Amino acid sequence: MSVFEQIDRVLLTAAIILVLVAGLLLLVRIWRGPSMLDRAISLDVIAALIIAGLGAKSAVALDSFYFPVMLVLAFLGFTGSVGIARFIAVRDRPAVTVPSRAPAPEADETKEGPQ
């Protein structure tokens, strides 16, 4: 094994470990919240981490089989994020209130105007 192959193997192993650690931290974020938006963003990032993990597996195995799978997962992650954002935008939209018409102010007779 050459020096470049050893460096490549070490970097790929480090990338896989970082993806796993990030996944565990995201699971903690999903569990603790505190809001629904935090959980939705965490799920979107987990989809990106799955894509990164598949890319690392493809690089380790020197196999391009997972590239179409990664493309489909990226598309599903994007559409899921847009759907969640639209749902939250509709849910958090402020209620529309129609202002009541105030009576017109009456002329003040104590003021001196042009005569």
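Is S42 buried or exposed? S42 is buried, because its relative accessible area is 3%. Here buried means under 20% relative accessible area, exposed means over 50%, and partly exposed lies in between (1.4 Å probe, protein chains only). S42 lies in helix α2. Setting aside neighbours within four places in sequence, S42 is in contact with L26, R29 and I30, where contact means heavy atoms within 4.5 Å.

A word on the model. This is a predicted model, in which local features need pLDDT of at least 70, side-chain atom pairs count only at pLDDT 80 or more, and totals for chains, interfaces and linings use all residues. Residues are numbered from 1 along each chain as its sequence is written, and side-chain values use heavy atoms, with hydrogens and water left out.

**The whole protein**

The protein has three helices and zero strands, and from the N terminus on its elements run α-α-α. Helices (H or I, at least four residues) and strands (E, at least two) are DSSP runs, numbered from the N terminus. Of the 115 residues of the protein, 14% count as buried. The protein exposes about 9,700 Å², and carbon and sulfur atoms supply 70% of that area; accessible areas come from the Shrake-Rupley method with a 1.4 Å probe, and for residues only the protein chains shown count as cover. Among contacts between residues at least 6 apart in sequence, 37% join residues at least 24 apart.

**Helices α1 and α3**

Helix α1 covers residues 3–32, and its 30 residues reach 44 Å from the first C-alpha to the last, close to the 44 Å expected at 1.5 Å a residue. The expected span of a helix is 1.5 Å times one less than its number of residues. For α3, with 25 residues, the expected span is 36 Å, and the end C-alpha atoms are indeed 36 Å apart. Just after α1, G33 takes a positive phi of about 85°.

The buried residues of α1 are L12, V19, G23 and L26, and what covers them includes α2. In α3, M70, G77 and I88 are the buried residues, and α2 is again part of their cover.

**How α2 meets α3**

Two packed helices are described by the angle between their axes and the distance between the axes. Helix α2 (residues 36–61) and helix α3 (residues 67–91) pack at about 175°, with axes 10 Å apart. Axes are lines fitted to C-alpha atoms, for helices over the stretch in contact, and angles run from 0 to 180 degrees between N-to-C directions. The angle makes α2 roughly antiparallel to α3, a label for angles over 145 degrees. Residues in this contact include M36, L37 and D44 of α2 and F67, G77 and S81 of α3. By class, the contact has 13 nonpolar, four polar and two charged residues. Ala, Val, Leu, Ile, Met, Phe, Trp, Tyr, Cys and Pro count as nonpolar, Asp, Glu, Lys and Arg as charged, and the others, Gly among them, as polar.

**Two partly exposed residues of α2**

D44 and A52 both lie in helix α2.

| Residue | Relative accessible area | C-alpha partner and separation |
|---|---|---|
| D44 | 32%, partly exposed | G80, 7.7 Å |
| A52 | 36%, partly exposed | V19, 7.3 Å |

D44 and G80 are 36 residues apart along the chain, and A52 and V19 are 33 residues apart. Leaving aside neighbours within four places in sequence, D44 is in contact with G77 and S81.

Note on methods:
Angles under 35 degrees count as roughly parallel, over 145 as roughly antiparallel, 65 to 115 as roughly perpendicular and the rest as oblique.
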